[in-house]
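User: I am new to reading protein structures, and I would like to learn how to go through one feature at a time. Could you guide me?

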Amino acid sequence: MTAELLETPVAGPIHQAGPADRIDPVKLRNTFGNFTTGVTIVSYEHNGEVLGATVNSFTSVSLDPPLVLVSLMKTAKAAALLADKPFSINVLGKDQLSHALQFAGKPQDGLEIDWNREHTSPRIAGSMAWFSCEPWQQYDGGDHVLILGKVAAFGHVAGDDAEPLVFYRGGWRGLA
């Protein structure tokens with residue numbers, strides 16, 4: 001990257017926090033919101049019931065061993081119930097907004113979820129991609145818990161027609 005690129009002015013107001021500044025959590029969250037994320041549902045079984053949580057903090061970590069990471073608010077029910085359980089990460093397509101809302105605590109009338117149970121954790125049939133994981137490690141992440149899973153099985157929709165559901169600036173979107 002050249003110095004010229006680094007000096008290009010950015011339109012709009014800029015908030016830069018210095019070392020002595022107190023970080024305003026609302027401004028920080030709004031700034032984080034400028035990073036477009038995919039939308040996933042972390043699904044698992046607890047006492048014979050299939051549960052899940054809508055999560056946009058998901059990333060690949062390692063290929064050897066194959067590890068992924070999800071970040072859950074410590075106050076979320078899933079943060080407590082998921083401990084030491086196999087889980088699946090379901091990457092949602094743009095046509096699965098109702099699924100995202102359902103597991104974000106906004107029940108969708110008439111929504112029936114088709115669960116695939118061919119691996120150690122239930123996953124949503126028809127997801128764009130999925131990762132079936134065994135528990136690996138958990139770490140303190142401030143007001144979140146960071147959960148690493150070792151990928152035991154995975155898959156994705158073949159072809160170029162699949163379009164992701166994304167989250168950007170506080171809203172759900174599909175890619176144009």
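Analyst: Let us begin with burial, keeping in mind that this is a predicted model. A residue counts as buried when its relative accessible area is under 20%; of the 176 residues of the chain, 32% count as buried.

User: How much surface does the chain expose, and which atoms supply 54% of it?

Analyst: The exposed area of the chain is about 11,400 Å², and carbon and sulfur atoms supply 54% of that area.

User: How many helices and strands are there in the chain?

Analyst: The chain holds four helices together with 12 strands. As for its contacts, if we take those between residues at least 6 apart in sequence, 61% of them join residues at least 24 apart.

User: Where in the chain is a cis peptide bond found?

Analyst: A cis peptide bond is one with omega near 0°, and here the bond from Asp 64 to Pro 65 is of that kind. Pro 65 lies in the loop that runs between strand E4 (58-63) and strand E5 (66-73).

User: Which residue other than glycine has a positive phi near 50°, and is that residue buried or exposed?

Analyst: That residue is Asn 47, whose phi is near 50°, and its place is in the loop between strand E2 (40-46) and strand E3 (49-55). Because exposed means over 50% relative accessibility, Asn 47 counts as exposed at 72%.

User: What can be said in the same way about Asp 84?

Analyst: Asp 84, although not a glycine, has a positive phi of about 60°, and it sits in the loop between helix H3 (77-81) and strand E6 (87-91). With a relative accessibility of 68%, Asp 84 counts as exposed.

Methods. Residues are numbered from 1 along each chain as its sequence is written. This is a predicted model: local features need pLDDT of at least 70, side-chain atom pairs count only at pLDDT 80 or more; totals for chains, interfaces and linings use all residues. Side-chain values use heavy atoms; hydrogens and water are left out. Helices (H or I, at least four residues) and strands (E, at least two) are DSSP runs, numbered from the N terminus. Buried means under 20% relative accessible area, exposed over 50%, partly exposed in between (1.4 Å probe, protein chains only). Contact means heavy atoms within 4.5 Å. Accessible areas come from the Shrake-Rupley method with a 1.4 Å probe; for residues, only the protein chains shown count as cover.
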